[in-house]
Amino acid sequence: MENKQVSTTQAAAKEPLIGYVHSIETFGSVDGPGIRYVAFLQGCHMRCQYCHNPDTWKLNVGDQMTADEILEDAAKYRAFWGKTGGITVSGGESLVQIDFILDLFEKAKAMNISTCLDTSGQPFTREQPFFDKFERLMKVTDISLVDIKHIDSAKHKQLTQYGNENILDMIQYMAQHHDDMWIRHVLVPQRTDYDEDLKKLGDYIAKIPNDVVQKVEVLPYHTLGVKKYHEMKIKYRLEGIESPTQDRVANAEKLLHTADYNGYKTWMPLPKL
Ligand code: SF4
């Protein structure tokens, strides 16, 4: 892993920013390495057909918290993190609140807390002012969990309402800068579970330097979020589609070569600033 450093004066010079938080999970075990304190932020522009949290879509609602408030709360659980745990920011789409995450992660790194960014990459652009912020964010992010919703941009658009060009560009940026990542892919019958697409995705991931991709995960689609759509009176577009069978999950794992990545190297957080 690249040894990254950032000036703590950046964090000190900024005004406190408010983040819009959907919910907090204090003992997350699947959102990054180790046990993690996970802040699920509010807001997402995408509309993934399988999204099980449509209640996170709306911007600028939810609990308002500062970075200091989150870190103070998270610190209560620090004893459980061991060498690999820490904090994760998820969503919704976390990058829609990039100013807030930047503030949070810069302060977390100054406290020697491991930082993990869970993102689908939709807001990524090399245009300013976003790109400068993103570059700074990567300097204080230990690892990113990146969802690739679909490798084919047209099908990505059908599935999420957005193409994937900028998302793949974000992954290329991370690869070029040796920013560690896990890649995750939701397997949905009749949407993403086609061998041709999975092979294409597997080939794409295989071209990313393997000191960057720490893990590749297939996440089977589930129907736990359907009730929320009914409650929110939003049309559910995957009505009647069941979770993939174990055989199809195993097939996807084979085509994405997940075994080549799991446990590739022992993950350790960045050093203290
Ligand atoms: S990116 Fe995540 S939060 Fe946004 S619609 Fe897709 S699954 Fe839901």
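In this predicted model, Asp31 touches a broad set of residues beyond its sequence neighbours: Glu25, Arg36, Val38, Phe40, Thr88, Cys116, Asp118, Leu145 and Arg184. Asp31 itself sits in a loop, between strand E1 (18-28) and strand E2 (36-41). Its relative accessible area is 10%. The cut-off for burial is under 20%, so Asp31 counts as buried.

A second acidic residue, Glu217, belongs to strand E8 (residues 213-220). Its relative accessibility is 18%. That value falls under the 20% limit, so Glu217 is also classed as buried. Outside a window of four places in sequence, Glu217 contacts Trp182, Ile183, Arg184 and His185. Arg184 thus appears in two contact lists: that of Asp31 and that of Glu217.

Asp132 gives a third case. This residue is part of helix H4 (residues 130-139). Its relative accessibility is 43%. Partly exposed covers the range between 20% and 50%, and Asp132 is therefore assigned to that class. In sequence, Asp132 and Cys48 are 84 residues apart. In space, their C-alpha atoms are 28 Å apart.

The nonpolar interior was examined next. The largest nonpolar core holds 56 residues. Within this core, Ile87, Phe105, Phe134 and Leu137 touch the most other members. Helix H3 (residues 98-110) supplies the largest share of the core, with seven residues. Leu137 is in contact with Leu95, Ile98, Ile101, Leu102, Phe105 and Leu117, leaving aside neighbours within four places in sequence. Among these partners is Phe105, another of the residues that touch the most core members. A second core is separate and has 15 residues. Its members include Tyr50, Trp57, Val188 and Ile241.

The ligand takes up the space of the largest pocket. The residues around the ligand are Cys44, Met46, Cys48, Cys51, Thr56, Trp57, Gly92, Ser120 and Lys149. By class, this shell divides into five nonpolar, three polar and one charged residue. Trp57 is listed around the ligand and also belongs to the second core. Cys48, the residue paired with Asp132 in the distance above, is likewise listed around the ligand.

Gly92, another residue around the ligand, takes part in a cis peptide bond. The bond joins Gly91 and Gly92, with omega of about 10°. Gly92 is located in the loop between strand E4 (86-90) and H3. Another cis bond runs from Gln128 to Pro129, with omega near 10°. Pro129 is in the loop between strand E5 (115-119) and H4. Most peptide bonds are trans, and most residues other than glycine have a negative phi.

Two asparagines show a positive phi. Asn60 is not a glycine, yet its phi is about 60°. Its position is the loop between E2 and strand E3 (63-66). The relative accessible area of Asn60 is 57%. Exposed means over 50%, so Asn60 is exposed. Asn112, also a residue other than glycine, has a positive phi near 60°. Asn112 is in the loop between H3 and E5. With a relative accessible area of 36%, Asn112 lies between the two cut-offs and therefore counts as partly exposed.

Technical notes: Residues numbered from 1 in each chain as written. Predicted model: local features only at pLDDT ≥ 70, side-chain atom pairs only at ≥ 80, totals over all residues. Heavy atoms only, no water. Helix = DSSP H or I, 4+ residues; strand = E, 2+ residues; numbered from the N terminus. Buried < 20%, exposed > 50% of the residue type's maximum accessible area, 1.4 Å probe, protein only. Contact = heavy atoms within 4.5 Å. Core = buried A, V, L, I, M, F, W, Y, C linked by side-chain atoms within 4.5 Å. Near = heavy atom within 4 Å. 1 Å grid on protein atoms, 1.4 Å probe; cavity = no way out; pocket = protein on both sides within 12 Å on 5 of 7 lines; lining within 4 Å. Sits in = over half its atoms within 2 Å of the grid points. Nonpolar A, V, L, I, M, F, W, Y, C, P; charged D, E, K, R; others polar.
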